[in-house]
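Me: I have a model open on my screen and would like to go through some of its labels with you. Could you help me see what stands behind them?

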Amino acid sequence: MLNSALDARLRPNFDDDRDADTFLLRLERYAPELIGSLEAAYGPERTPALLDEVLEVMLLAFHNRPGDLKQLDEARLLRPDWAQESGMLGYVADAARFAGNLQGVRERLEYLRGLGVTSLHLTDLFQVDGSGATQGHHAVRPEIGTLDDLSALARSFRAQGIHLSVDVPLDKVAATHPWAQRAAAGDPQFTAYFVSPTSGAPAWTLDWSQPAVFRASVDLLLVLAGRGAEVLRLSGLRALAAGAGPAREEATLRALRACVRVVAPAVLFQAGADAALQDRQDSALHDTRRWLGERAHHGQLCDLAEHPTLTGGLWTSLHAADTAPLVRALQHTPPKPDSATWTLNLRGGGPDMTALLGDLDSAAAREDEAGTNAAISRLRLLHALILGFGGLPALHHGNELGQRSGPPERALAEELREGINTPAGRVFAWTLKLVAARRALPHLHARVESRAVPSPDPRVLLLRRDHPLGVMLGVYNFSAESLPFPASLLRDTLGGGAVDHLSGERFTFGRPTVRLDPYRALWLTSPEEGQAG
């Protein structure tokens, strides 16, 4: 039970006994985690005063939390695996390029619903300086709207089953950020926020060894949660160590999570990928493992994290028509906590995707049918693998149309989608098909891990998922050739036959081989399991 003195001190802050019971029951659940983490990060001497300050912030945020979000909290507590369901699909877009402004994004709701999107991540949402440092954690870019516009957007999308994800940088702020401006003016409360504050510096590094930074950060996270953000994508997590190593970093992150869990349990933490580490697989693996929680704190830090090896290995294997690099990468990836979810994407704005979509554009412009078909087939393979891996896959704006950044005009986008014989129309049609197949296949629940199994042909990737309903086998031909694949291996895994959930085709394995078309993807289960799904 919660310490009786603490209960007696906090309960008078509530007019409604039901609200008091809700808050205090959650606090009872997370208080040991919160207090222990604060002591590990800030020391036993500073923890009581910091705890009092943080509880004040949490109480205010709880009272200010809108009623519909409080209902969402209760619903999510009853479905703690909501982000792991096979129907989840992310979409990543710059609000300005996608729809002009936040009002325009709201007007694209039906488009996103039709695509099957359940999670929207808006990039470049808040004001930043030339170095990319935030000018205000709640400062929406004025050319796209206001914080109230963001709240209205989140509310409209939430009503239609789409949750909002936003970026929260935790390492530094711009010199124009209100905290930095107060520090530059000599306010001692705010000078303590920063590591060696220097007036005129382009970006100011937060000093997470200071309790004041923790308190202020809890406040900003809860404000965003109260505005309707349901996933907080945290970047700059290494700064939480404050020079004291990973133990303090993990303790601080764990304490932040406990605070948010008490006030807004519907909200998830996502570990944002550090751009500087994306091409350093060893660092990415190490950080991802820590940010999901290890040992005694397994699964107690972030709820979502970008898969640290899939995307890089996938592109390398595609270029080489050899799945060995991807298989090695996957085999070196440590298992995630059951409650955690991998986020998956093809880095839509990265050089590999840009080059592939450039090939598609060039082939279409030359009216090169063979080149167009090959580019579309490669893109389909990539998206089939991302959507068939499990986790929470995300499409980048425009990729559902085979476009590098998405058409600028809505009318043009509609024309491209409706032109079923155009490259964009073809890409859009099979994207819808992939999303529908994924939604209908419970084997893709993110609790289950995909694992690479030995393939007799290095050009063919085999991913096995052992779901309670039975085995799902993903078969992916990474080559431009039509390949005979041994039926015996498929028979040993799936029995005498299987159904492909992408095409609806049924296979029997009586013959020696199964023919795999160039860049063909199969999502196979036994026929009985396919009917159950």
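Reply: Happy to; we can take the cysteines and then the strands and helices. This is a predicted model, where local features need pLDDT of at least 70, side-chain atom pairs count only at pLDDT 80 or more, and totals for chains, interfaces and linings use all residues. Residues are numbered from 1 along each chain as its sequence is written, and side-chain values use heavy atoms, with hydrogens and water left out.

Me: How do you know that C259 is in no disulfide?

Reply: A disulfide here is a pair of cysteine sulfur atoms within 2.5 Å. By this rule the count is zero. For C259 the nearest cysteine sulfur belongs to C302 and is 14 Å away, so C259 does not meet the 2.5 Å cut-off.

Me: Why is C259 called buried?

Reply: Buried means under 20% relative accessible area, exposed over 50%, and partly exposed in between, with a 1.4 Å probe and protein chains only. C259 has 0% relative accessibility, so it counts as buried. C302, at 2%, therefore counts as buried too.

Me: What makes β2 and β3 a pair?

Reply: Two strands pair if DSSP finds at least two bridges between them. Strand β2 (residues 119–123) and strand β3 (residues 163–169) run parallel and are joined by three bridges, so they qualify. One bridge partner in β3 is S165, facing H121.

Me: Which strands close into a barrel, and in what order?

Reply: Eight strands do, in parallel pairing, in the order β1-β2-β3-β6-β7-β8-β9-β10.

How values were computed. Helix = DSSP H or I, 4+ residues; strand = E, 2+ residues; numbered from the N terminus.
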